[in-house]
Amino acid sequence: QIFQPLHTLRSAEKELLPGYHQFEWQPALKNVSSACDVGIINGLSGWTSSVDDVPADTISRRFRYDVALVSALKDLEEDIMEGLRERNLDDSTCTSGFSVVIKESCDGMGDVSEKHGGGPAVPEKAVRFSFTVMSISVQAEGEDETVTIFQEPKPNSELSCKPMCLMFVDESDHETLTAILGPVVAERNAMKESRLILSVGNLPRSFRFHFRSTGYDEKMVRELEGLEASGSTYICTLCDSTRAEASENMVLHSITRSHEENLERYEIWRTNPFSESADELRERVKGVSAKPFMETQPTLDALHCDIGNATEFYKIFQDEIGEVYQKANPSREERRRWRAALDKQLRKTMKLKPVARMNGNYARRLMTTEAVEVVCELVPSEERREALRELMGLYLQMKPVWRSTCPATDCPDQLLRYSFNSQRFAEILSSTFKYRYDGKITNYLHKTLAHVPEIVERDGSIGAWASEGNESGNKLFRRFRKMNARQSK
């Protein structure tokens, strides 16, 4: 049995739960109580209850953010001491100057209804917010440089991804989501201004936290940052490009959006200071039409990037089987035939069952040279087959750069060649596959081609900051709800 009720836990186990350790903040956190022994709290605490069709006491449970962070640090106590020893730092002099980098992730999950059992009536969707301690570094007194003493070796494992808040909310229900995450954002903002004093290795030490919220998929980023939904003409959460511009110029864009700018643009949208028409106004604010309520780090989510691009390739394969480049507009019947042929071929030779919605595993299997060869058997013209092979070859060269945890050490050559490869990739799309990319391009494909090198240069990695850990945690959530999701037999 994995989860026991709280009152039966042994004290060794209670230590692992937030609310056990003493700590203090200097200066004290604004609007947050100074009590340290806070365990699981109602996720709606801090809000007055309103009459609603959902019993409010079942909507959400969370830990207080600072208490959860303390628990995570105490969990790493041995690693921190070990790191100090390895770097030959005297632990009695290193009592201040620690910085902790936190990756935040938040993701909605569909269908979490009880398969049986009569709990209270709640929406059948859930949102999980969690964080991962990515690295801890210290700047010893009198020293200039900071030394990293802990780096999370598996930043995408559910083991390093600590759940902070669970809510039964639909991620599209903006009001409820903001109501529950509002206090979390407030606590996080308070912690940015303050230092945590916590005993680690029997000495009080001071920590500063840096929050980088990168574990969101594009849908969530757009919601939190006030952008229009992902079908918008403004296709990118990192730059102001429109879909048409992005398909014209596939490679040369730089990251311009930021939380501050989104807030300013929302103000312009709200007040319309130049009395413009709706279209002019929208053009001015580049699709920011809601109030950004949580700061996210503009990045690209490697997992969904994989899935988005695989979906796109799947569609290209379909079109190539039907030789769409010669036809004007094929009927739905024809398209269905090509799709059936593609699925049948993939199932026969690669044991790939057709899936309703592309998932990570399918995407990984589909994006291989092996899969392209299998598809090429159905493509009539040799010239088109060559183009497909080259396209996939380039993609496989590019992919490790945004998948690996540390591209500079894992795949330095691909990193160096990335811009060159993406340029060639864009050339093929805009010539051979012009029929698909005339004035349109998918969001993730644009990001893959245009923004990867810049993000890697800034953050050192894309893969390490992806939302995968949180996604893997989703299955634990289902497990604890005894909700064995319908697995395919």
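Which residue in S3 stands opposite Ile41? In this predicted model, the residue opposite Ile41 is Arg62. The two strands concerned are S2, spanning residues 40–42, and S3, spanning residues 60–63, which are paired in the antiparallel sense over 3 bridges. S3 is also joined to strand S7 (residues 162–167) by 3 bridges, and these two strands likewise run antiparallel. Within that pairing, Ser60 has Met167 of S7 as its bridge partner.

Arg62 also takes part in a salt bridge, its side chain meeting that of Glu187 at 2.7 Å, N to O. Because Arg62 belongs to strand S3 and Glu187 to helix H4 (residues 174–192), this pair ties together parts that are 125 residues apart in sequence. Arg62 and Glu187 are both buried. A second pair consists of Arg212 and Asp459, whose closest N and O atoms are 3.1 Å apart. Arg212 lies in strand S9 (residues 203–215) and Asp459 in helix H17, so the salt bridge ties together parts 247 residues apart in sequence. Here too, both Arg212 and Asp459 are buried.

A salt bridge within a helix is formed by the side chains of Glu261 and Arg265, at 3.3 Å, N to O. These residues are 4 residues apart in helix H7 (residues 259–271), so about one helical turn separates them. Glu261 is buried, as is Arg265. Elsewhere, Asp306, Arg364, Lys399, Arg403 and Glu468 are joined into one network by salt bridges that share partners. Over the whole structure, the search finds 39 salt bridges.

Arg128, in strand S5, presents another arrangement. Arg128 is buried but has no salt bridge, and the nearest side chain of opposite charge, that of Asp107, is 6.5 Å away. For a salt bridge, the nitrogen and carboxyl oxygen would have to be within 4 Å. A polar atom of the Arg128 side chain instead lies 3.0 Å from the backbone oxygen of Asn470. Beyond neighbours within four places in sequence, the contacts of Arg128 include Ser105, Cys106, Asp107 and Met109, together with Pro163, Cys165 and Leu166. Asn470, Gly473, Asn474 and Phe477 are also in contact with Arg128.

Ser137 lies in the same strand, S5, which covers residues 126–138. What relative accessible area does Ser137 have? The value is 14%, and Ser137 is therefore classed as buried, the limit being under 20%. Outside its neighbours within four places in sequence, Ser137 is in contact with Gly97, Phe98 and Ser99, and also with Val147, Thr148 and Ile149.

Two annotated domains were taken from an unreviewed UniProt entry. The record assigns residues 234–296 to "V(D)J recombination-activating protein 1 ZnC2". This span is 43% helix and 0% strand, with its end C-alpha atoms 18 Å apart. Residues 298–460 carry the UniProt annotation "V(D)J recombination-activating protein 1 ZnH2". That span is 71% helix and 0% strand, and its end C-alpha atoms lie 14 Å apart.

Helix H16 comprises residues 443–450, and 8 of its 8 residues are buried, so the helix is largely enclosed by the rest of the structure. The buried residues are Asn443, Tyr444, Leu445, His446, Lys447, Thr448, Leu449 and Ala450. They pack against helices H5 (218–224), H6 (243–248), H9 (302–321), H13 (382–403), H15 (412–431) and H17 (452–459). Among these, H17 is the helix that contains Asp459, the partner of Arg212.

Conventions:
Residues numbered from 1 in each chain as written. Predicted model: local features only at pLDDT ≥ 70, side-chain atom pairs only at ≥ 80, totals over all residues. Heavy atoms only, no water. Pairing = 2+ DSSP bridges. UniProt positions renumbered as here; feature names shortened; annotations may be inferred. Buried < 20%, exposed > 50% of the residue type's maximum accessible area, 1.4 Å probe, protein only. Contact = heavy atoms within 4.5 Å. Lys, Arg positive; Asp, Glu negative; His and termini not counted. Polar contact = N/O pair within 3.5 Å; in protein donor to acceptor, adjacent residues only side chain to side chain.
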